[in-house]
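Please read the points below with the model open beside you, and look up each residue as it is named. They are offered as a colleague's remarks on a few places that deserve a careful look.

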Amino acid sequence: MKTGFYPGCSMKGSAREYSESLMAVAKVLGRELPEIPDWNCCGATAAHNLDRDLALALPARILAAAEKAGMDEVLVPCAACYSRLSVTRHELLDAKGSEALRARISGLIEAEYRGSAKVVNILEWLAGIGGLEGLIQAPFARKVACYYGCLLVRPAGIVKFDRPEEPQSMDRLMKKIGAEPLDWAFKTECCGAGFSISRNDLVARLSGLILDDAVARGAEAVIVACPMCHLNLDMRRPNIEKRADKKFRIPVLYVTQAIGLALGIAPKKLGLQRHKVTVRFSPAVDKSPAETLPPSGTRPGEA
Amino acid sequence: METLRNKARELLASKTVQMVIGYGRGSGEAAPARAVFIRAAAEAESLIFDASCQQNLAVYLMKPEVRQLGKAALVATPSALRTILQLAAENQVKDHDLLALAVDAQGEVTPLATLQTIEAHVAALDCNLSAGEKTELQKYVALDPEQRRQFWQEEFARCLKCYACRGACPLCYCSRCTVECNQPQWIPVPAHDLGNLEWNVMRAMHLAGRCVNCGDCSRACPVGIPLYLLNQRLLSEVLANFNFRSGMAAKADNAMSTFKPDDPEDFIR
Amino acid sequence: MSDFEPKIVAFVCNWCTYAGADLTGTNRMKYSPRVTIIRFPCTGRIDFMLLLKAFANGADGIIVSGCHPNDYHYSSGNFHARRRWIVFRGLLDFLGIDVRRVQFSWVSAAEGAKWAQLVDATAEQIRQLGPFSGYHKLRGAGVE
Amino acid sequence: MARIGVFICHCGENISATVDVAKVAAAAAKIPGVVHSVDYKYMCSDPGQQMVSSAIKEKNLTGVVVAACSPRMHEPTFRRACAEAGLNPFLCEMANIREHCSWVHEKGEATTNKAIDIVRTLVAKVKKNKALLPIKVPVTKTALVLGGGIAGIQASLDIANSGHKVILVEKEPSIGGHMSQLSETFPTLDCSQCILTPRMVEVAQNPNITLYSYAELESLEGFIGNFKARIRKKARSLDEKLCTGCGLCCQKCPTKKIASDFDAGLGMRPAIYVPFPQAVPNKPVIDREHCTYYLKGKCRLCEKVCPTQAIRFDQADEIVEVEVGAVVMATGFDIKHGDFFPEYGYGNYRDVIDGLQFERMASASGPTLGEMRRPSDGKVPEIVVFIACAGSRDPAKGIEYCSKICCMYTAKHAMLYRHKVHHGKPYVFYMDIRAGGKMYEEFVRRAIEEDGVQYIRGRVSRIYERGGKLIVKGADTLLGARPMEIEADMVVLATAGVANPGAEALAQKVHISYDSHHFYSEAHPKLRPVETNTAGIFLAGACQAPKDIPESVAQASGAAAKVAALFSQDELIREPLIAVVDRQAPPLYSTCVGCFLCQTSCPYQAIEKEEIRGRDGQLIKTVAKVNPGLCQGCGTCVALCRSKSIDIQGFSHEQVYAEVLALLNRGESDV
Amino acid sequence: METEKKLIGRGELEKLFSHWRSKGKRILAPKKIGAKIDFAAVTTLEEVCLDQVQTVQSAKTAVFPRVEELFSFKNKDGRVEIRERDQGALPETVIFGLRPCDDAAFAVLKAIFNWDSQDPLFSARMEKVAVIGVSCPRADEYCFCTSAGGGPGGTTGSDILLTEIAPGEYLAEIISEKGRVLAGEAAGLKPCPASVSKEAHLAKVEPVFALERVAPALARLFDDNAFWVEQSLRCLGCGACAYVCPACACFDIQDEGGGSGQRLRCWDSCGFGLFTLHTSGHNPRPVQSQRWRQRLMHKFSYMPERQQVLGCVGCGRCSRACPVDMNILEHLRSVAEAKP
């Protein structure tokens, strides 16, 4: 099984730490993740609103390149990229009239797309790796709110991954590394990413609701698997706090960072220092830094 | 050889059987051994057994005029033994209808009086295709379909529809063959290309799950069509898909008249 | 080749696929008119010789369809049929006869849409394969 | 020489809109052997049938092809018409140019040509048809009813009261089904058990009914009028004849905390138990999965206290074989459970319950004795949200259909809640209110107008717990799709009605068809709603589709009437579309060579060995013979027979062969 | 006509082949096909194989093909139109390399096909066939031409008979008018010195049974069931013997195609049970022994009686082709020697 790695734009930019932590974790797990040769933009931001052929051709070219490189599956850590690649694969392989469409798109990208390479997201990939438990150096024994966001599990008919409501795959991963995933209400609620540029006031409000519930239930960290979610919940924290008129100190970690910590990888290698919201976790058995933080936004009588 | 003759003499003298169906010297110089029907101990002299004794003598068990001569002891090659079991599974031979005289390459004779003993004897034999057979079969399987089509078209074009293959086959015992049905005329009577293809497809299908790969059809064919390839291909297919081997048991279900719920169906939409 | 319209014969069982095709009609779903149905009580009834007869008489493609295993009117005929087709396909393939010309399928009485899709997909497949002239030419060959 | 009549139907415009019927008629007239070819607007109408009939007489027809709709629709109609005109009905064939042609293709030459192809094919077939005589088989006048819910009870009583024997099989320890779990019934609010239990007692007392409770069907073989059923009586672990139903064992059983299925998990029961006090039969069973004795080998307390020494720990399942002539499937339905609604926290939050649980809560005999007390803490819920269409009408959940009963029982639930908690606030989220039925709409109006149930048209997206409250997030689509949140104390989901988990396996056991949701398929959606495609097996109640009590009862009576009609004859007339083994004059006697491969392939054990003997009694040969009573006409043996010694009437070698040739040889059809 | 004798070399023969080819003639000659040698269309002398004692099949296909169309028909709106064979389109054929026994077999076929009426298609084919035989330098234990009225250098039925007198050098006996035309097409035929005799180059085939005793013995044995059962026990009832026989002429008539098609004539064999099966189910020859008897009776009793020709030329093909070694020679000897 050869797994290719599709970074997309964010893994090289705003979500560098996601990429760093993934590579660090993969190294410990003994997995190689070669990049797809000559990959291109997945078109997630705008292409699918503008031109259907283009929106399909961009991901198809990526997948065709992966196939050509002999990759059996493609790991797509960014949820937006994952969505585009999954939708394209569905449209070109399974949907009605897919044969003609596939021929047309293959023509556009000047490469034959056969559909042999599977598209997997980060949770799927991690879940498929056995023996993670055995490698734990220091259990990540914290209460976490697993935030899946919108694109990882939807549309259910296309990605065919986990349950679209109340997904569980990240919760299971967290249990494996010793964390306690909380039952909370905002696992798949909208963070507002679609309005990232046009209406960041909306983003602040929606993301605020997410943090509010996580904190209220005693979460010590929000775990994400999407650069957009991370960007909204972490980088936009000042806007959120301004709008909510209160402070949320809860850090937002990529799933790979949490696992990295449990595997004993140094925070710096996991890029924790790059976050806007300071992360005080370290792989040391001592978990005091987080506990010393006063839980913020807790309702009276519930702490 | 003498063991065999003595055994025959003994069986006939004691009237255990009325007849020994065995091999005798062929008529031509290079001719293979041919079937002889020994009914008196004195005639046992003419029995032979050597490498040229290839015919599956079980074919005579199904010939009415041979049957009428009474209980027979049959000099049986491994193929003939499996044929007997297959015939039993198809209700054509009953226990104690005959006595099999299993002979091996060394001329050792093992009398097998019951179907059960035949089963035990057969169970110890290697009933797989030989390495040579596999290699040859694989050669054709590896061809591209168009080459295979070409090959068979040329082979079948020679077919005379003389039905020597059918006559030689101990499992072609139907009292009315499909080719003899004319309402409707399932198989064209003439030996033209279509008639020859349909005849050979039909025969191969009717032997699927039954053929014991004795090879007599091919040996009988006057124009040398390698019919054994068809049979070997289908018996491999039956073995691979249904894990079934013909002629191994006297009370076996037929591969084509039974099924398993989880038979492969990847070709079905 | 583009104006080639294939002749396809569908051998279907009465209880599932025939009824499924009825449902396709009741729902007014459209499909290729190149396929014509011949009704059988059960896929178990379908003699492999009939498939050869269809090809010999000019069919370019064949659909054989019946009840899904288990939800079957006659409890097991389709299982027998499945075995028969496994072996028959193996033989056709060995003889170099293009097995893509025969499409086997399970279409239940409830699967009107599947029937339409099956017909269209098969018609398209056969259209791409072109006329089955290699087989049709056998008719008359070898007659002096 | 064949004299065939071809009758082409316009079916109003259903056929003639896309098929040039006149052209088809003209083409048919040219087919060799066709002596009469006409088209008409409605062939199935009286004048249409008259045309067929008079042509048969006037033109001395030897065969008829009606080119119209599917034979599954009108073949019986036209065969009857032929028979009345003196032509053997099996000399009539239908050419399906509607479902398989006019409805599925666009208007045009190709469509008309296909219609001609179909007609030509059927003409070729009918020329090879043979006059057949119906087969008569005896009828065993005992019915098997599977399922002892209200449908099974009603069907059993109706059949028994018409004077026939009934064997009623119920898998639970008691009959009664879901209806016995209900509190009150809509739209009258009368007590479910009060109206049901007298019927249950009637079943127990009716001399024509044999009840096997705590039993399941093991296998069913045979055919209409002549089924053989094997019934597994599961071990109750007691001697039913000795047990008086005193209940002492249940009281003394030390293992008491087992979730009661009858109470939908809200209440508890002991390891030896009767599901509910009015059970029929009122005899306990030991739940071997939980009984201490079976688990640990010690206890036997029940044995000690039993005054009649009825306990039998070593009792084994018993197989009973019965012969029956008809089967009524009345196996009922289930509702969607489990983690089907993660967004609603069902199965996670104890106060999110389903409709059946609410029924038990509202039932005076239920675990709360009819008081509204929520499961988590026993508090009286002040605000209750009812969610209709939980799963139903939701293609994303894989259930496209309407479960039909939920609108009504949700209104009833909200109403019952208000009757019990006067100050409580019930909300109902709904998609549409479907209250078609006598007094149904009025009932819903009453809930809204008199009992103050607040109906909100909109769906609930999510429920989560916050501070001991269930936050119900939804939208009110009548007020501008405004998102709304209700802080509820309890939520009741009207979860979708679904087929029983074992429905598919059972259908396969009895050889009936079912839909993609595993509800059993009726033979015709309109005209044969209580019959299955398998002759002699009928449907009653919710095993066919979710339905309410009056509908189930009506269908059960319908099924019973069908059974009674079947039992009113001593012999059954069957279509002769069966396999026949070739017979010849001596010396051949039969082309069958007796390999009996057909026997192993026959799904119905219909092939027997027949010994042909000479006058001196000498065995000449053993050949196959088809039992016409058992053969169902699948034809598997026919395709398998190498010497073509078996043929099947109605789909004979000659017929299907002629069809293939005629279909493919356009314009030269005489074979 | 008077037989002419000439000498012809391989080179001239090659030229003849190319000449025939240029005239569009079909040349049938023994050719190696797989492991067998059989008559097939050839274009050059190179392809021709003359080392064998006999080919598997005879050359009767040239005049009596395995399957031939007698006429075609079309059913149009209830009327049947018949189209006769265009006899002019039948191929001009040269059969090269036939053994004298096979050459003689054409006479047997003629006797059957033109017995009481002339078979037009057979005759038309026969008309277009020219036969160049090659006499036998060798024989095997199945040969018995000399017992059946022929010989390894017999000229009956040949238009030209070649005898190899030295490697690549043939004595050509020009026997018929057709032969003379053929010879005329060959340049460089040399006159044959009177000293050249073919006899020295012929195989020795000793007579093995007395033909004159066979027919009376058969007539006597007709009702001796036990004899025939004994004789035919080994026989499988296939048609291999009949189909390779140069003199067997039984055929079946089949109409093929639905409304339009062909009427075909194809080979049949008295060895098959179906051959005599009546519609009623009655079969006058229900068992194999009777069918085997028929085979011998027909060739050695009925035909001499009715057509005044023996139905066998002694080529021994049937014995060689038989899967179970039913050696006709042995059986004839048994008949001839059967005690009254």
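1. Tyr214(D) is found in the loop of chain D that runs between strand β10 (209-212) and strand β11 (215-223), and in this predicted model its phi is near 55°, a positive value in a residue that is not a glycine. Is Tyr214(D) buried or exposed? Tyr214(D) counts as buried because 20 other C-beta atoms lie within 10 Å, and the cut-off for that word is 20 or more.

2. His518(D) also deserves a look, since this residue, although not a glycine, has a positive phi of about 75°. You will find His518(D) in the loop of chain D between helix α14 (503-510) and strand β29 (537-539). With 18 other C-beta atoms within 10 Å, His518(D) is described as partly exposed, because a residue needs 20 or more such atoms to be called buried and 12 or fewer to be called exposed.

3. Where in chain A should you look for a cis peptide bond, and which residues does this bond join? The bond joins Arg154(A) and Pro155(A), with an omega of about -5°, and Pro155(A) is found in the loop between strand β4 (143-146) and helix α8 (156-159) of chain A.

4. In chain B, the peptide bond that leads from Gln183(B) to Pro184(B) is cis as well, and its omega is near 0°. Pro184(B) lies in the loop between helix α7 (164-168) and helix α8 (193-207) of chain B.

5. The contact between chain D and chain C takes 42 residues from chain D and 40 residues from chain C. On the side of chain D that touches chain C, the elements that give two or more residues are the helices α4 (98-102), α5 (109-127), α17 (636-640) and α18 (653-664), and of these α18(D) gives the most, with seven residues. Sorted by class, this side of chain D has 18 nonpolar, 16 polar and eight charged residues.

6. A last point concerns the confidence that the predictor reports. For chain D the mean pLDDT is 93, and 99% of the residues of this chain reach 70 or more, while the complex is given an ipTM of 0.73 and a pTM of 0.69. As a general caution, predicted coordinates should not be read in detail where pLDDT is low.

Conventions. Residues numbered from 1 in each chain as written. Chains lettered and ligands numbered in written order. Predicted model: local features only at pLDDT ≥ 70, side-chain atom pairs only at ≥ 80, totals over all residues. Helix = DSSP H or I, 4+ residues; strand = E, 2+ residues; numbered from the N terminus. pLDDT = per-residue confidence, 0-100. Contact = placed C-beta atoms within 7 Å. Nonpolar A, V, L, I, M, F, W, Y, C, P; charged D, E, K, R; others polar.
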